[in-house]
Amino acid sequence: MAEVTLIKNPAEQQLTAEWQEAKARLPGPARLREAAFERFAATGLPHRRVEEWKYTDLRVLMREAKPLAPRPDADVFARLKDAGAALGDLDARRIVIADGYLAPGWTDQNSHDPGMAIMELFAWLAESPLYVDRLSQNVTDDVAIALNTAFMTGGAVIHVRKDASNAQPIHLAHIFSGKTAAATYPRSVVIVEPGARLMLIESFEGPDGVDYQVNTALQIFAGEGAHVDHVKVTREGDKALHISSLMADVGAHARFNTFLFTTGGAVTRNQLFLRFGGEETIASIRGATLLNGKQHADTTMVVDHAAVGCQSREVFKTVLDDQSRGIFQGKIIVQPGAQKTDAKMASHALMLSEEAETDNKPELEIYADDVQCGHGATAGDLDEDLLFYLRARGIPRAEAEALLIQAFVGDAIEGIEHAGLREALMEAVQAWLKAR
Amino acid sequence: MPLLEIKNLHVEIDGKKILNGLDLTVNAGEVHAIMGPNGSGKSTLAYVLAGKADYEVTQGEVLFNGENVLEMDPDERAAKGVFLAFQYPIEIPGVATMTFLRTALNAQRKHRGEPELNTPEFMKRVRETAGKLSINTEMLRRAVNVGFSGGEKKRNEILQMALLEPRLAVLDETDSGLDIDALKIVADGVNRLRSPERASIVITHYQRLLDYIVPDIVHVLSKGRIVKTGGKELALELEAGGYAQFQEAPVAAE
């Protein structure tokens with residue numbers, strides 16, 4: 001075999017050096033980490049010739065890799081105890097994850113609910129060697145996920161049984177604490193047993209002006225007849241790079257709803273890998289992204305219909321101002337034998353500026369013959385006739401535009417079941433519009 | 001000073017001349033009817049008054065209360081008291097009718113330096129206004145005009161007009177496609193606005209609406225200019241004899 005020397009960019013060199021330095025002290029499954037790092041080392045950072053990363057070239061967008069964020073001390077955790085609270089009154093059990101580390105004292109928030117267990121990632125892994133298998137189950141060979149696995153620093157494991165009271169949503173409130181840039185690698189695992197129900201909120205925030213990096217991963221295992229609602233709110237600081245991978249494996253007769261709301265961050269990549277493992281499951285995957293300045297946000301989704309009679313609905317709305325760039329890549333795979341699949345995907349972009357860019361790449365891979373699949377994509381600016389109607393009633397242009405933009409994203413947000421969250425996100429949209 | 005003074009108005013759209021030297025003076029307290037065949041420029045006049053962008057004024061002026069409105073944005077005109085009831089009210093998915101009405105009313109109040117209405121004050125105002133016009137408030141729970149029947153859309157226009165209390169209401173074929181009950185609501189809305197300070201321009205194709213809104217002055221519009229002006233009896237002549245009797249021969253020089 002010919003010898004191939006990969007020329008590494010500074011970020012790749014830094015990641016390699018960081019790995020050499022940190023691997024001995026990183027807790028948990030050393031072999032799993034090692035294998036994951038090797039996967040990264042074999043290919044380097046994904047770039048534009050890697051189809052899945054075509055529009056988000058990490059070799060360009062991630063010039064350097066920041067050092068691994070250290071565990072915050074008690075004072076920092078104390079200072080950050082209200083992380084995520086600004087999202088609104090969600091009546092959720094809020095668990096703070098700072099710089100990729102689960103805040104101590106989270107057990108205080110643990111309920112008396114015998115049907116629900118919340119643990120720290122490595123404490124959970126220590127309980128049984130079998131749990132390590134979960135971490136590699138349903139994981140793609142995506143390099144961002146490999147890096148998360150190699151460097152993961154901690155996170156929450158949420159295990160819900162059927163007899164859980166389900167009284168409150170769980171809110172994993174991620175925050176970056178630092179004044180100087182660092183990289184964080186939170187990893188969380190959610191297991192929703194057959195017939196059980198969970199509402200999970202993830203939020204991400206951090207200071208403006210710091211070019212910190214977040215590479216987060218979440219695995220969701222939903223059993224037969226489970227019902228999972230997931231909402232992710234990404235409002236990182238204006239210089240941050242945020243890469244998120246959601247891997248969901250959903251069993252038969254289940255419901256899986258996810259909503260991705262993104263306003264912050266310099267570069268955001270939301271990856272979503274959903275696998276229908278059992279028949280007759282219904283999934284809804286939606287999102288709203290609002291971008292301005294030079295923000296770049298990429299939603300890349302792979303929905304794998306591997307079972308009979310499942311239904312998926314994907315609706316994404318993106319509002320693009322200034323020189324921002326919004327990307328949607330959606331792939332629906334219908335496996336051989338996954339008959340009666342019903343999959344519909346739509347992506348809509350509202351362009352508020354001549355200089356904004358939107359890229360849409362829908363893909364359908366269908367290997368069964370009795371299915372209904374479709375996709376649609378639109379991109380356009382605000383309708384002048386609608387604006388005129390509003391202005392003819394005395395509403396100034398900026399306010400008229402705000403009403404129409406709210407209506408555009410509201411159409412997606414409306415479907416969120418949790419009323420408090422729905423309101424919180426509409427308020428976030430209004431705040432975004434006010435700052436225009 | 002007249003409330004509205006249009007002098008020698010020439011308007012084009014996409015290089016096509018629509019209005020050719022239109023003159024019109026409307027005093028406060030008057031109701032004018034403008035009648036004319038299709039393509040005579042009736043809707044163009046309505047849109048130009050409201051400030052729609054696609055229309056290019058190549059000559060002439062429009063003074064509202066002595067101010068040149070052609071320089072004003074549509075929202076500024078509205079706040080000064082110009083209201084257009086659209087021939088085809090537009091559907092706005094996702095914008096709640098109540099939000100729309102409140103935003104419009106408060107934007108106008110703000111522009112005029114009046115205090116904005118809070119939610120209870122606003123709700124009370126809407127209910128009262130709808131009640132007076134016998135408009136069912138169920139309609140207001142939906143998005144603006146979405147899923148409304150033709151009649152409901154027109155009623156919504158009249159409700160907006162009644163709520164915003166404009167100084168000059170321009171109704172662009174508001175009567176088209178309406179049954180008699182809806183027609184009465186439209187007429188009632190215009191008649192209630194009649195006062196020494198206000199005026200209305202009712203653009204219509206048919207005499208029928210004018211049985212319920214009795215105009216002070218009737219104009220015939222043809223090929224972009226007013227070719228005949230008279231009292232309310234002029235509408236009846238039109239009904240009997242058609243528009244042809246008033247149409248000008250084409251001007252060769254143009």
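**Briefing: chain A, its contact with chain B, and the nonpolar core**

Chain A has a radius of gyration of 21 Å (taken over C-alpha atoms), which agrees with the value near 22 Å for a compact globule of 436 residues; the globule rule is 2.2 Å times the number of residues to the power 0.38. This is a predicted model, in which local features need pLDDT of at least 70 and side-chain atom pairs count only at pLDDT 80 or more, while totals for chains, interfaces and linings use all residues. Residues are numbered from 1 along each chain as its sequence is written, and chains are lettered from A and ligands numbered from 1 in the order in which they are written.

**Chain A overall**

- The C-alpha trace of chain A spans about 65 × 55 × 45 Å along its principal axes.
- Chain A contains ten helices and 20 strands, taken as DSSP runs numbered from the N terminus (helices H or I, at least four residues; strands E, at least two).
- Of the 436 residues in chain A, 52% are buried, that is, 20 or more other C-beta atoms, placed from the backbone, lie within 10 Å of their own.
- Among the contacts in chain A with a separation of 6 or more, 84% join residues 24 or more positions apart; a contact requires C-beta atoms, placed from the backbone, within 7 Å.

**Contact between the chains**

- Chain A contributes 18 residues to the contact and chain B contributes 22 residues.
- Helix 8 (384–391) and helix 9 (397–413) of chain A each supply at least two residues of the side of chain A that touches chain B, and helix 9 gives the most, with seven residues.
- That side of chain A comprises nine nonpolar, two polar and seven charged residues; Ala, Val, Leu, Ile, Met, Phe, Trp, Tyr, Cys and Pro count as nonpolar, Asp, Glu, Lys and Arg as charged, and the others, Gly among them, as polar.

**Largest nonpolar core**

- Within the 203 residues of the largest nonpolar core, Ile97(A), Val190(A), Val192(A), Ala222(A), Phe83(B) and Val170(B) touch the most other members; such a core joins buried Ala, Val, Leu, Ile, Met, Phe, Trp, Tyr and Cys residues through C-beta atoms within 7 Å.
- Helix 9 of chain A provides the largest share of this core, eight residues.
- Beyond four places in sequence, Val192(A) is in contact with residues including Val160(A), Phe221(A) and Ala222(A).

**Ala46(B)**

- Ala46(B) lies in helix 1 (residues 42–50) of chain B and counts as buried because it has 21 C-beta neighbours inside 10 Å.
- Not counting residues up to four places away in sequence, Ala46(B) touches Leu84(B), Val170(B), Asp172(B) and Ile203(B).

Definitions and conventions
Two residues are in contact if their C-beta atoms, placed from the backbone, lie within 7 Å. A residue is buried if 20 or more other C-beta atoms lie within 10 Å of its own, exposed if 12 or fewer, and partly exposed in between; C-beta atoms are placed from the backbone.
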